[in-house]
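Welcome! Please open the structure in your viewer and get ready to make a few selections as we go.

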Amino acid sequence: MISEAARERMRATVAKYPVARSALLPVLRIAQEEEGYITPEGLRAASEVVGIKEDEVEMVASFYAMFFQKPVGKNVIKVCTSISCYLRGCDRLIKQLEDGLGVKRGETTPDGAFTLLGVECLASCGTAPVLQVNDEFEENVTPQRAAELMRQWKSEQ
Amino acid sequence: MAEQMRVVTKDIDVPGIDTLAVYEQHGGYQALRKALGMEPAAVLEEVKASGLRGRGGAGFPTGMKWSLLAKGSPKPTYVVCNSDESEPGTFKDRMLMEKLPHRLVEGVLISAYATGAKQAFIYIRGELALAARQVMRAIDEAYAAGYAGKNIMGSGHDIDVMVHRGAGAYICGEETALLESLEGKRGYPRLKPPFPAVAGLYGGPTVINNCETLSTVPAIIANGAAWYAAIGTEKSKGTRIFCLSGLVNRPGNYELPIGTTFRTLIEEFGGGVIGGKQVKAFIPGGSSTPMLPADKLDISADYESVAAAGSMFGAAGVIVLDEDTCIVGAVLRMTEFYRDESCGKCTPCREGTFWLVQLLERLEAGHGRAEDIDLLNDICDNISGKSFCPLGDAAATPIVSSIKLFRDEYIAHVTQGRCPFRARELATAGNH
């Protein structure tokens, strides 16, 4: 559900821009924060607040990789798979996370706690391999560190 | 260990430099104060005379870019900072935003003053949450201190600055796609002309500069164009933040005078190749620039010398491949990036990048045919220069350059029916 408080934040965001439609990406981000992914209600709320048709909102939402089109886990783990991380063992890191979490990349654990994603270059090539947990960085992720992180994530559930 | 030359990254290691108080103690916003005491045209001339060129990749002279803004447009002029750093091998803008957000904000304010813009946007890549928080906080502090907003520093000039976050699309680093995204649309590149300097954001004259470029402006204004132009080479002025990554002992960002050799960067700053191995190839400017063989390590890292060697200085993202790196495997990985990030607008890029990945996968798996190598080149020829924006050209670049340099490795994958490097990769994976 998109709460009234979230709608208020959406309206305040629109007011900051010279042209309402410019607020579409931040407004969709608020919708996703509310519901975990972009739902029909999220699209409707964005459409109302920004003042454009719902299908136009959907066309934009579906273009950007950070807007999820379906439900994801409570924690989204993104592992960079681009060239600099590849040279420093990201494929091994993904394998370790897949084994440890019991899912393949692109999947969510049955309890809904974790989604594991392979993503494109995260601008952290000097501290490769790298991953993000809910948009916060973990850099220089050695196998030991990855094991430690998984223990920590699971204990927080 | 050799010393960096800190111009853009000056004071980066000072505790609290990301706060206004500490930034001011170290001369922060003095360049803005100085600029406001000059005529806008004089500020622009200073930047022009410094020789500063765009650090995002294309290397267009910054002062020239500002002076191309359409005069007398009925629509407002805008300054947009491109902080959509996504090029594989680059990670300097993220560092600048996280650690020195006020220098960027100061640079943006000076550029807005010089170009007559009353509104500036800083477009930050969606994935960089901490960078966005830092820059937003710096902007809030700048407003509270009277450096931004109405009547800045009592000058009678109004300049508003705000952060706009992307949402995950490499293509938005292309300046016209960035503008579309900032207007709340899909990040499709626009057909040029008109160029953004004439009709950019909301149809108004718009200047779009990279984050490092704008973060360099305060030092130029504070110290003067002549001071800045004395750094670097005859034609390539100043410093660059080299993003060193790949198989070196000490990867990281190193700010050095333009004209430093790649060997110095890799050996003295990067501590050489891991395990004392040899460099097989290096990519000088980010994954979209042609790779160069080890015998080019001694060239001067400047726009002209890198071009003469057959590549591009680009965004100075230097990626090092060692003697055991499989070129086909590395190129496959780079090509997957372009396949995934192609926005889909132009058919050659959208379809071609899929075919390229399929062919490279087949070769890497040992199922390729000898004619696949020329087929790769043929597809690249049909993508390059045949799309709206440079993403298609970029996708072709690793393939064309690697086949030129390492055709024998491609052939070995075919004749041996397997990747000659695979065993080593499995044996050493994760040891770095």
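**A tour of two interfaces**

Start inside chain B, where domain 1 of chain B meets domain 3 of chain B: the rule finds 0 salt bridges across this interface, a salt bridge being a side-chain nitrogen of Lys or Arg within 4 Å of a carboxyl oxygen of Asp or Glu. To make the selection, use 20–229 for domain 1 and 327–428 for domain 3 of chain B; such bounds come from an automatic or database domain assignment.

Before going on, note that this is a predicted model, where local features need pLDDT of at least 70, side-chain atom pairs count only at pLDDT 80 or more, and totals for chains, interfaces and linings use all residues. Residues are numbered from 1 along each chain as its sequence is written, chains are lettered from A and ligands numbered from 1 in the order in which they are written, and side-chain values use heavy atoms, leaving out hydrogens and water.

Now show the contacts (heavy atoms within 4.5 Å): 12 residues of domain 1 of chain B touch 9 residues of domain 3 of chain B.

Next, select chains A and B together. Here 41 residues from chain A and 60 residues from chain B take part in the contact. In chain A, look for A:Phe63, A:Leu87 and A:Arg88, which lose the most area to chain B, together 17% of what that side buries. Buried area is the accessible area (1.4 Å probe) that two parts lose on being put together, summed over both.

How many salt bridges are there between chain A and chain B? The count is 3. Zoom in on one of them: the side chains of B:Arg133 and A:Glu136 meet at 3.0 Å, N to O.
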